Amino acid sequence: MNPLLAVENLVVRFPVGGALGHYLKGEPRAIDAVAGVSLTMEPGETVAVVGESGSGKTTLARAIAGLIPVAEGAVRFQGRPVANLGRAARKELHREIAMIFQDPVGSLSPRFSVRGLLAEPFRIHGLAERDLDAEVTRLLGLVGLPPAIAERHPHQLSGGQARRVGVARAIALSPKLVIADEPTAGLDVSVQGEVLNLLNELRERLGLSMLIITHNLNIVRHIADRMAIMYLGRIVEAGETAAIFANPRHPYSLALLSANPEPDPDARPRRIALEGEVPSLLARPAGCEFHGRCPFVQERCRNEAPVLAVGPDDRLVACHFPLEPSAN
């Protein structure tokens, strides 16, 4: 049986032009924002893609949703390729894969009321014969908003309310996969918790599969079954969320987790500080691309690129010298 989602050796390439292209002496240059990523998801699963800003995680999400072209590799949804679809097939894909965009208010058109925003997916997909008022009320109820909200416009909503409207719009047509790009960005901590609880409730109630794009590790711990950690457009570690939190095997994973508050006051996790800047995609380091920031670097790391390989615990790790499990 095909997985719900299969990403195979995906490359997303952007040309470099303008002033930077001139600085590069007119040579045709491009950057690989996603550089050979493979990922699978099963129905009902929640997977988180984690990394610093510029790691390529949002670009990966947009490629999966068919919103940007891919240079190499493939994305298959329910066994069907996502790339190079005709208009009708792309429209059907966007009914089955929905996105929750990063900016809660900015991602909602100011021209529409909440009623218009929630009714629009039905009109786009030729379902306007439905009782749209009833659908709007149903969707608002699913995300915990009162019916009166339907008359407001985005600028009249709080960040939390706007995020709930965005979630309602994403689930309007009962998609099989919801991609949430930084679903708690710009929200107060208390509201973040409410949004996470809402996503968990909807996942269980509606049987949703979710791909969460985030740098917030508290989201990952709270909601994801599995996680993949990206650095410079590549996955450096992937596996069960609980296993990675308990014992990260890649030094970059350990550095990210070191910066995250530990909820167990009795735990004594390993910690390392992440120093230096993320290298430019125009000048990728030789060997392991993390070696310039890695406190455990060895000579092999500077010259030979590691391969993402399955370890003894079924964890995928791209490191010549994976970290040994801690005693905790």
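Select V50 and I229. In this predicted model, V50 stands opposite I229 in β9. The two strands around this pair are β3 (residues 46-50) and β9 (residues 226-231). They run parallel and are joined by 4 bridges.

**Stay on β3**

Select residues 46-50, the whole of β3. How many of the residues of β3 are buried? The count is 5 of the 5, so the strand is largely enclosed by the rest of the structure. Now colour β3 by side. T46, A48 and V50 lie on one side, and V47 and V49 on the other. Both faces are covered.

Next, add residues 209-214. This is strand β8, which pairs with β3 in the parallel sense over 5 bridges. To find the register, pick T46, which stands opposite M210 in β8. β3 thus has bridges to β8 and bridges to β9.

**Widen to the sheet**

Show the strands that belong with these three. The sheet is open and has 8 strands. Read across, the order is β6-β7-β8-β3-β9-β10-β12-β11. The pairing is mixed.

Which strands stand at the edges? Select 97-100 for β6 and 309-310 for β11. Each has a single partner strand, so one side of each is left without a neighbour in the sheet.

**Helix α10**

Select residues 251-258. This is helix α10, and it is mostly covered: 8 of its 8 residues are buried. Step along the helix and you pass P251, Y252, S253, L254, A255, L256, L257 and S258, which are buried.

What do the buried residues of α10 pack against? Two strands already on screen are among the partners: β3 and β9. Add β10 (234-240) to see another strand that they pack against. Then add the helices α8 (217-223) and α9 (241-246), which are also packing partners.

**The other sheet**

Hide the helices and move to the N-terminal part of the chain. Here 4 strands form an open sheet in the order β2-β1-β4-β5. The pairing is antiparallel. At the edges are β2 and β5 (80-81), and each pairs on one side only.

Take the pairs in turn.

- Select 5-16 and 29-41. These are β1 and β2, paired in the antiparallel sense over 10 bridges. For a marker, use F14, which stands opposite I31 in β2.
- Keep β1 and add 72-77, which is β4. The two pair in the antiparallel sense over 5 bridges. The bridge partner of V7 in β4 is V75.
- Keep β4 and add β5. They run antiparallel, joined by 2 bridges. Here R76 stands opposite P81 in β5.

**Zoom in on V34**

V34 lies in strand β2. Is V34 buried or exposed? Its relative accessibility is 0%, so V34 counts as buried.

Show the side chains around V34. Leave out residues up to four places away in sequence, and V34 touches L10, V11, V12, G56, T59, L60 and G233. Three of these names, L10, V11 and V12, fall within residues 5-16 of β1.

Now draw a C-alpha to C-alpha distance from V34 to A63. The two residues are 29 apart in sequence and 9.4 Å apart in space.

**Zoom out**

Return to the full cartoon. The protein has 11 helices and 12 strands. Along its principal axes, the C-alpha trace spans about 65 × 55 × 45 Å. The radius of gyration is 21 Å, and this agrees with the value near 20 Å for a compact globule of 328 residues.

Colour by burial. Buried residues make up 48% of the 328. Switch to the accessible surface, which comes to about 16000 Å². Carbon and sulfur atoms hold 52% of that area.

Switch on a contact map. Among contacts with a separation of 6 or more, 66% link residues 24 or more positions apart.

Last, select the charged side chains. There are 35 positive and 36 negative ones. How far apart are the centres of the two sets? They lie 5 Å apart.

Note on methods: Residues are numbered from 1 along each chain as its sequence is written. This is a predicted model: local features need pLDDT of at least 70, side-chain atom pairs count only at pLDDT 80 or more; totals for chains, interfaces and linings use all residues. Side-chain values use heavy atoms; hydrogens and water are left out. The radius of gyration is taken over C-alpha atoms; the globule rule is 2.2 Å times the number of residues to the power 0.38. Buried means under 20% relative accessible area, exposed over 50%, partly exposed in between (1.4 Å probe, protein chains only). Contact means heavy atoms within 4.5 Å. Accessible areas come from the Shrake-Rupley method with a 1.4 Å probe; for residues, only the protein chains shown count as cover. Lys and Arg count as positive and Asp and Glu as negative; His and the chain ends are not counted. The place of a charge is taken as NZ of Lys, CZ of Arg, CG of Asp or CD of Glu. Two strands pair if DSSP finds at least two bridges between them.
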